[in-house]
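Please read the sequence alongside the coordinates while going through the text below. The account moves from the N-terminal part of the chain towards the C-terminal part.

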Amino acid sequence: MSTGGSIYNHRSLQPTGPPPVPGGPHPNPRLEESIDTIRQEFDRLVSETGLARNQRDDYEAKVGSQVNELNIIRQSLYELEAQHGKVRQQYEEELARLRAEIHALRQGLPPSAAHSSVVGPASAGPPSALTAPGGSGGVPPFNDAYFRDRDRDRDQRERERDRERSRAERERERDRDIEMRDRDRERTVDARDPKRLKQDRIKADHSIFSPTSVPKLPPPSSGGPPPVSGPGGPPSTSGPGLPPPPSASAHPPYPSAGPSSAVTSPMMDPHANPSGTLIPINTPAGGFPEDLDLNSMPSEFKKEGSDWFAMFNPKVKRSLEVNLVHTLMHESVVCCVRFSSDGKYLATGCNRTAQIYDTKTGQKTCVLADENAGKAGDLYIRSVCFSPDGKYLATGAEDKQIRIWDIQKKRIRNIFDGHQQEIYSLDFSQDGRLIVSGSGDKTARIWDMIDGTSKVLTINDPDSLNNDAGVTSVAISPNGQFVAAGSLDTVVRIWDVATGVLVERLRGHRDSVYSVAFTPDGKGLVSGSLDKTLKYWDVSALMSGGNGSIIKGRKEGANGSVVNGPGGVGSRKDGDKQSQCTMNFTGHKDYVLSVAVSHDGQWVVSGSKDRGVQFWDSRTAIVQCMLQGHKNSVISIDLSPSGSILATGSGDWQARIWSYGPA
């Protein structure tokens, strides 16, 4: 029986054996034990995974709580700083008023005459920080040796003048005090006159605060709230990740870190409000009424968030709704923002890194940083641009290189070298074959993504209003035939992509052009300038004329060549504009730094040094909405090509995503 049983068991293990007989032997208990052990181990791993996930969620919640607490602390610091500045300003105004009254009483004038002679912030306002003295172009945030030397010399002269003026005033006051004491011994002192107002001090105050004598770009000591170094940090002018102070040899694009920082850059606001409260902007005729007050506005013409608000023009029917979607914190100034062609992602550029965010969730999906770049100093990413297929991101930086990143692999695909100065602007053609770049070296370049070759478009304009014609902004027309470029010399130029020949030179701005953007149909071009205006140029004739007409006379072409017009059919004299400015957008209180046009062509949007974003009706140039959500200059804006989403980047180290649509 034992022999038969062993044979049976052996045969039952053979694959070709008969099926098991019902009521036969039970399965192997060891196999069941092994399965139970595996099941228990799996359950244990599932439990540990769930525990780890809960711990991760707890850690994320704690980190988020800590971040919120830091933001609250920073907000409190900003509010305290704002209160201090307000008290100081009130004190100075009251002091100036009392001095003027005393002076009027001494001269036997009626007290009412004192109010007409009050000097200081109450009458003349703070010194304007619009443009550099002696020129209309301002001090651009471009790392050019000419501007570095000029700024350094000017700052040194200003400091020397301030020291001499202070020393002379002290000496005059001391002499005047002695004289006054001698006079007081001979006459009764007025009870309302405990402190004498010096005649020379009055004259000095007039010379300091007179609108005609105010330096257009004052030194940091000229007034206004002191700069704040960064979120949650004490004032600082140097350190890891912070640009050097303005006196350093390398003049950075944004000379100090944090809000209210870049005194020497037109992009940054030296008088930026450091508090969490936002200051409404009163705009001149054509925009909002001068005396517009947020508190007194009807509810249907305003919208307020926790740290932002929107004001709608009461002169026109409200047709727009705006909402804040995401706030994206950064570790330095946000120099640029750009949507992908499908609107699903937003790229931002700051010091040494470019980030990519999911526009729906606000989550950071990718950080791109070149580990091979030099570690010394700062390296601001001044421009970013997605390829049309969304696979690549082009970045332009201060090291004169254009990097093409493979987003999925987080690796550099190409590096385009050739520019002699910083890269300020990038734009892809719609087919993804070409990318155009603008640089401070007075050139725009058209790069071929396949073979890496480039075509140089050089500005060689002897009759330019400004010797510096650095290219600040570039845009490729929707049909891919033309490249438009804004320049420091106030001119907007348009080149033919195929030939590299200059076909249009648009003059009209009174100061440097910082941003250009084509309308979606390609028939219009919008430009924004340091003269605080936007202009709409009708380029429909140029677009319908194929390659456009060639400018006769001095023309900039590829490689800076000067092309002599044939003088025949299709040519025109230099300066006879084929494309005319048909609309002016006026309303910003300070530099216009960035412009964009909505995907449907309905809205023109602009960002400014006045910390505001304005929505303009593209057909009438009338402002519809004024949006305040940043505490420093709005350096860059972009509108999604496929949806109603707005992105803003600012000197307050934040990028924000907004939604807009019909009211």
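What follows covers a helix, the contacts along it, and then side-chain pairs among the strands.

The model is predicted, and local features are described only where pLDDT is at least 70. Helix H2 spans residues 29–106, and Leu70 is found in it. Leu70 is exposed, because its relative accessible area is 56% and the cut-off for exposed is over 50%. This leucine belongs to a nonpolar patch on the surface, formed by Leu70, Ile73, Leu77 and Leu80. Together the four residues have about 400 Å² of accessible area.

From residue 81 onwards there is an annotation to compare with the coordinates. An unreviewed UniProt entry places a "coiled-coil region" at residues 81–108. In the model this span is 93% helix and 0% strand. Its end C-alpha atoms lie 41 Å apart.

Charged pairs come next. Side chains of opposite charge can pair when their charged atoms come close. The count of salt bridges in the model comes to 18. One of them joins Arg44 to Glu41, with the closest N and O atoms 2.2 Å apart. Arg44 and Glu41 are separated by about one helical turn, because they are 3 residues apart in helix H2. Arg44 counts as partly exposed, at 39% relative accessibility, and Glu41 is also partly exposed, with a relative accessible area of 36%.

Another salt bridge is formed by the side chains of Arg56 and Asp57, at 3.3 Å from N to O. Arg56 is partly exposed, with a relative accessible area of 45%. Asp57 counts as partly exposed as well, at 34% relative accessibility.

How does a salt bridge between Arg382 and Glu398 fit into the strands, and which parts does the pair tie together? The closest N and O atoms of Arg382 and Glu398 are 3.6 Å apart. Arg382 lies in strand E8 (residues 381–386), whereas Glu398 lies in the loop between strand E9 (392–397) and strand E10 (402–406), so the pair ties together parts that are 16 residues apart in sequence. Arg382 counts as buried, at 7% relative accessibility. Glu398 is buried too, with a relative accessible area of 14%. Back among the charged residues of the N-terminal part, salt bridges that share partners join Glu41, Arg44 and Glu48 into one network.

The strands also carry a repeat annotation. In the unreviewed UniProt entry, "repeat: WD" covers residues 381–415, 416–449, 464–505, 506–540, 585–620 and 627–663. Two of these spans can be described from the model. Residues 381–415 are 0% helix and 63% strand, with end C-alpha atoms 14 Å apart. Residues 627–663 are 0% helix and 59% strand, and there the end C-alpha atoms lie 15 Å apart.

Aromatic side chains add further contacts. The structure holds 5 aromatic pairs. Among them is the pair of Trp308 and Trp658, which is edge-to-face, with 5.5 Å centre to centre and 80° between the planes. Trp308 lies in the loop between strand E1 (302–304) and strand E2 (309–312) and Trp658 lies in strand E32 (residues 654–661), so this contact ties together parts that are 350 residues apart in sequence. Both tryptophans, Trp308 and Trp658, are buried.

Trp603 and Phe615 form an aromatic pair that is likewise edge-to-face, at 6.4 Å centre to centre and with 85° between the planes. Trp603 lies in strand E27 (residues 603–608) and Phe615 in strand E28 (residues 612–617), so the two rings tie together parts that are 12 residues apart in sequence. Trp603 counts as buried, at 3% relative accessibility, and Phe615 counts as buried at 0%. Trp603 and Phe615 form one aromatic cluster with Tyr660.

Two arginines lie over aromatic rings. Arg318 lies over the face of Phe312, at 3.7 Å from the ring centre. Arg413 lies over the face of Tyr392, at 4.9 Å from the ring centre.

How values were computed
Residues are numbered from 1 along each chain as its sequence is written. Side-chain values use heavy atoms; hydrogens and water are left out. Patches are made of residues with over 30% relative accessible area and no salt bridge: like charges are joined within 9 Å, nonpolar side chains (Val, Leu, Ile, Met, Phe, Trp, Tyr) within 5 Å. Accessible areas come from the Shrake-Rupley method with a 1.4 Å probe; for residues, only the protein chains shown count as cover. Helices (H or I, at least four residues) and strands (E, at least two) are DSSP runs, numbered from the N terminus. Buried means under 20% relative accessible area, exposed over 50%, partly exposed in between (1.4 Å probe, protein chains only). UniProt positions are given in the numbering used here, feature names are shortened, and annotations may be inferred rather than shown by experiment. Rings of Phe, Tyr and Trp (its six-membered ring) pair if their centres lie within 6.5 Å; planes under 30 degrees apart count as stacked, over 60 as edge-to-face and the rest as tilted. A charge sits over a ring if NZ of Lys or CZ of Arg is within 6 Å of the ring centre and within 35 degrees of the ring normal.
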